[in-house]
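Please walk through this structure with me, one region after another, and set out what the coordinates show.

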Amino acid sequence: MVRVIDPVIDSESAVIDIEAATVVRGQAELLREVSWRVEADERWVVLGPNGAGKTTLLNLAAARLFPTRGTVRVLGETLGAVDTAELRTRIGLTTVALHDRIPPDEVVLDVVRTAAWGVVGSFREQYHMLDTDRARDLLRQFGVGGLAARRYGTLSEGERKRVQIARALMTDPELLLLDEPAAGLDLGGREDLVRRLSELATDPRSPALVLVTHHVEEIPPGFDRVLLLRQGQVVAHGPIQDVLTSANLSATFDIPLQVTVSEGRFTARAV
């Protein structure tokens, strides 16, 4: 049963507008009848166990996957009726797949600057000073400004995650999608990233944000809405304080859980 707490949102004003989307691969339904809307000033968390359909949903929102059934509109454009290559230039995205494509010997500054051309791996691109300055500013914003001349392959996991987010912001996107940005980080790295993402979330100049995770401890303060997924279906979605409850999280992960919140940070434990 889908529990919707949000009021009805005008689809023409929504950054993401997904209506009854189903994604089928082979005999498996990765998503089933999912509907979801995101406004420009909202900061969403998509939360669920492994195999819930989180990355599939993110790929729909990133215009990198088409629904088998249903309608997906991103930034006012309907998938299937728009040049997705052009649409993707308006979307910032960080994923494990992106990390795997970045050449390990690429200079960190170029990892970020090449986003201006929509490519991974520098070749013969020519960059304006404005591009270089913006790339350096973004690296500094995420605490890795001193690594601009380093090779990407020499960075720690936490440093790589921050460089990828800087790259995703390089084109000043209207939508920023983050797929498990804290995965693989140690406690210090996670907390540093959570703090920086919280600063991004509370900045009114930031684009609409969607963060995918399966750990409530990774939710930065400032993210105000949550969508819970299980087995390709929506369990609940809406304002985070109303939706991220013990009952809803227990239904999402199919285990009795107790959710607590302190100073904007969530924790969950089995009961």
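The model is predicted. A useful place to begin is Leu-175, which, leaving aside residues up to four places away in sequence, touches Val-15, Ile-16, Ala-61, Val-74, Leu-75, Arg-90, Ile-91, Gly-92, Pro-207, Ala-208 and Val-210. Leu-175 belongs to strand β8, residues 175-179. Its relative accessibility is 0%, so Leu-175 counts as buried. Between Leu-175 and Ala-62 there are 8.8 Å from C-alpha to C-alpha, although the two are 113 residues apart in sequence.

Beyond strand β8 the chain enters the loop between β8 and α7, where Glu-180 is placed. Glu-180 is not a glycine, yet its phi is positive, near 50°. With a relative accessibility of 22%, Glu-180 counts as partly exposed, because the buried class is reserved for values under 20%.

Next comes the sheet. Strands of a sheet pair through backbone hydrogen bonds, in either the parallel or the antiparallel sense. Four strands make up an open sheet in the order β3-β2-β5-β6, and their pairing is antiparallel. The edges are held by β3 (28-38) and β6 (77-78); each has a single partner strand, so one side of each lacks a neighbour in the sheet. Helix α1, residues 54-61, packs on this sheet and touches β2 (16-25), β3 and β5. The direction of helix α1 makes about 55° with that of β3. At the β6 edge, strand β5 (residues 69-74) is joined to β6 by two bridges, and the two run antiparallel. Arg-73 stands opposite Thr-78 in β6. On the other edge strand, β3, lies Glu-33. This residue, Glu-33, also has a positive phi, about 55°, without being a glycine.

A further set of pairings centres on strand β10, residues 225-230. Five of the six residues of β10 are buried, so the strand is mostly covered. On one hand, β10 pairs with strand β4 (residues 43-47) in the parallel sense, over four bridges. Here Val-45 stands opposite Val-226 in β10. On the other hand, β10 pairs with strand β11 (residues 233-239) in the antiparallel sense, over six bridges. Leu-228 has Ala-236 in β11 as its bridge partner. The strands β10 and β11 form a hairpin with two residues between them, and Gln-231 in the turn has a positive phi of about 50°.

What remains is the empty space. Rolling a probe the size of a water molecule over the atoms shows where such space is left. How many cavities of 30 Å³ or more are there? The count comes to one. The largest cavity has a volume of about 40 Å³. Its lining consists of Pro-181, Ala-182, Leu-193, Val-194, Leu-197, Leu-211, Glu-218 and Pro-220. By class, seven of the residues lining the largest cavity are nonpolar, none is polar and one is charged. Helix α7 (residues 187-201) supplies the largest share of this lining, three residues.

The second largest pocket holds about 250 Å³ of space. Among the residues lining this pocket are Arg-134, Asp-137, Leu-138 and Gln-141, as well as Asp-203, Arg-205, Ser-206 and Pro-207. The largest share of the pocket lining, four residues, comes from helix α5, residues 129-141. By class, the lining of the second largest pocket has five nonpolar, two polar and five charged residues. Pro-207 lines this pocket and is also touched by Leu-175.

Technical notes:
Residues are numbered from 1 along each chain as its sequence is written. This is a predicted model: local features need pLDDT of at least 70, side-chain atom pairs count only at pLDDT 80 or more; totals for chains, interfaces and linings use all residues. Side-chain values use heavy atoms; hydrogens and water are left out. Two strands pair if DSSP finds at least two bridges between them. Contact means heavy atoms within 4.5 Å. Axes are lines fitted to C-alpha atoms, for helices over the stretch in contact, and angles run from 0 to 180 degrees between N-to-C directions. On a 1 Å grid over the protein atoms alone, a cavity is a set of points where a 1.4 Å probe fits but cannot get out, and a pocket is an open set with protein on both sides within 12 Å along at least five of seven lines; lining residues have an atom within 4 Å of a point. Grid points are joined across faces, edges and corners, and a volume is the space filled by probe spheres set on the points. Ala, Val, Leu, Ile, Met, Phe, Trp, Tyr, Cys and Pro count as nonpolar, Asp, Glu, Lys and Arg as charged, and the others, Gly among them, as polar. Buried means under 20% relative accessible area, exposed over 50%, partly exposed in between (1.4 Å probe, protein chains only).
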